Structures are given as structure tokens and as C-alpha cells.
Amino acid sequence: MSLLLNAQNTIQQKQKSQNHRIQKETTKPTLSGATAKKTYNSARTITANDASGIKKVQYRFKAPGSSSYGKYQTFDAQKTFTKNGTYSVRAYDYYGNKAVKYFTIKDTKKPAVTLNGTMNKKQTYYKNRCVAEITDNCEVKSIKYYLDGERVKVSRKDILTNGLTVEEEGTHKI
């Protein structure tokens with residue numbers, strides 16, 4: 001495609017015509033943070049970039065065992081994906097170019113529970129308090145608290161922020 005420019009001023013003086021070639025921008029946006037069609041065992045942060053700017057980024061999710069994807073959801077240029085399943089991510093630039101990437105998250109590692117607190121010389125907790133730190137490659141779906149084999153109802157927020165309080169001396173299984 002080319003553009004021909006002609007100019008004329010108010011006293012009818014003409015400027016020489018200039019012919020400019022216009023080339024359509026056809027470079028697809030880039031989606032970084034995952035390799036296409038690869039399976040990961042941890043969360044993925046996907047970032048969309050393009051020299052002309054990103055107009056829209058969307059993803060859809062297919063849960064394990066499901067035969068179809070859900071509806072596309074729009075997000076900003078960056079998003080972290082944490083749930084097990086397959087994702088389809090697409091990005092559009094301002095010229096209509098589109099990039100698509102599929103990847104899967106399959107976290108098979110169990111969450112880790114670490115107890116942190118003040119220990120004495122015998123390597124036992126004292127002051128009746130320890131804090132449970134719960135981590136996972138992707139996300140922690142639920143927390144159940146058992147003390148010496150009996151389930152104790154306590155909120156997730158309480159466990160993560162206030163810790164666990166055990167008032168009886170002795171050895172306990174948490």
C-alpha cells in the first residue's frame with residue numbers, strides 16, 4: 001500500500017508530490033512465561049508484550065477431566081495461573097495481530113507444612129505457641145487442623161496469621 005501526498009497553498013503554489021510506501025505491521029504479540037503445549041508442576045505468570053501495544057489479553061480454562069474450555073476472561077498484560085488444568089491464552093495488538101498459547105499445570109506435589117516458633121535448648125517449642133506456614137507450588141485449596149488426631153475447627157486466616165496455640169505440655173501431633 002502506498003500513500004501519495006500533494007500540497008497546495010492559498011496562492012495556488014504546488015509542492016512536488018511525495019510518494020510514501022506504507023507497510024502493514026504483521027508481527028504477533030509475544031506471550032512469555034510458558035512454552036506452548038508444555039506441562040508445568042507450578043504456577044505460571046504469563047506476560048503479553050508488543051511494540052505497538054497490547055489491545056486485549058484473554059484466557060480460558062479447562063479443568064482436569066473436562067472435555068471443554070470455559071468462556072474467555074479478559075485480563076491485563078500479566079496474570080499468574082495457579083489451578084491444575086489446561087489454559088488457552090490469546091493476545092491481540094492494536095493492528096489485529098493475534099498470538100495464542102496453550103499450556104497445562106499439573107501440580108502433583110503435596111503442600112508443605114512448616115511449624116515455626118521459639119524453641120528451647122531441647123529443641124522443643126515453648127511459650128505455648130507455634131506458627132504453621134503452609135506452602136505449595138500452585139495454591140493451597142483448604143486447610144484442616146488436627147491436634148493429636150482430633151479435628152479442631154479454626155479458620156484458615158487464624159492458622160496463617162495467629163498460629164496454633166497448644167496449652168498442655170507434652171508431645172503433640174499437629
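1. Start with T86: its bridge partner in β10 is T104. That pair belongs to an antiparallel match, with 8 bridges joining β9 to β10. Keep in mind that this is a predicted model.

2. The turn of this hairpin deserves a look if you check backbone torsions. There are 4 residues between β9 and β10, and G96 has a positive phi near 90°.

3. On to the pairing of β9 with β6. These two strands are also linked by 8 bridges, in the antiparallel sense. Two pairs to click on: F61 has Y87 in β9 as its bridge partner, and Q58 stands opposite R90 of β9.

4. How buried is β9? With "buried" set at under 20% relative accessible area, 9 of the 9 residues of β9 qualify, so the strand is largely enclosed by the rest of the structure.

5. Now the sheet as a whole. It is open, with 5 strands in the order β4-β10-β9-β6-β7 and mixed pairing. Which strands stand at the edges? They are β4 (39-40) and β7 (73-75); each has a single partner strand, so one side of each is left without a neighbour in the sheet. As general background, strands of a sheet pair through backbone hydrogen bonds, either parallel or antiparallel.

6. The largest nonpolar core has 15 residues, and the ones touching the most other members are L31, I46, F81, V89 and F103. Two or more residues of this core come from each of β5 (44-49), β6 (54-62), β9 (85-93) and β10 (98-105).

7. L31 is a handy place to centre your view. Leaving aside residues up to four places away in sequence, L31 touches I46, T47 and A48, then V89, R90 and A91, and also A99, V100 and K101. Both I46 and V89 are named with L31 among the core residues that touch the most other members.

8. Last, Q78, which sits in strand β8 (residues 78-81). What does Q78 touch, not counting residues up to four places away in sequence? The contacts are T45, I46 and T47. I46 and T47 also turn up in the contacts of L31. If you want a distance to check, the C-alpha atoms of Q78 and S32 are separated by 9.5 Å, with the two residues 46 apart along the chain.

Terms used: Residues numbered from 1 in each chain as written. Predicted model: local features only at pLDDT ≥ 70, side-chain atom pairs only at ≥ 80, totals over all residues. Heavy atoms only, no water. Contact = heavy atoms within 4.5 Å. Core = buried A, V, L, I, M, F, W, Y, C linked by side-chain atoms within 4.5 Å. Buried < 20%, exposed > 50% of the residue type's maximum accessible area, 1.4 Å probe, protein only. Pairing = 2+ DSSP bridges.
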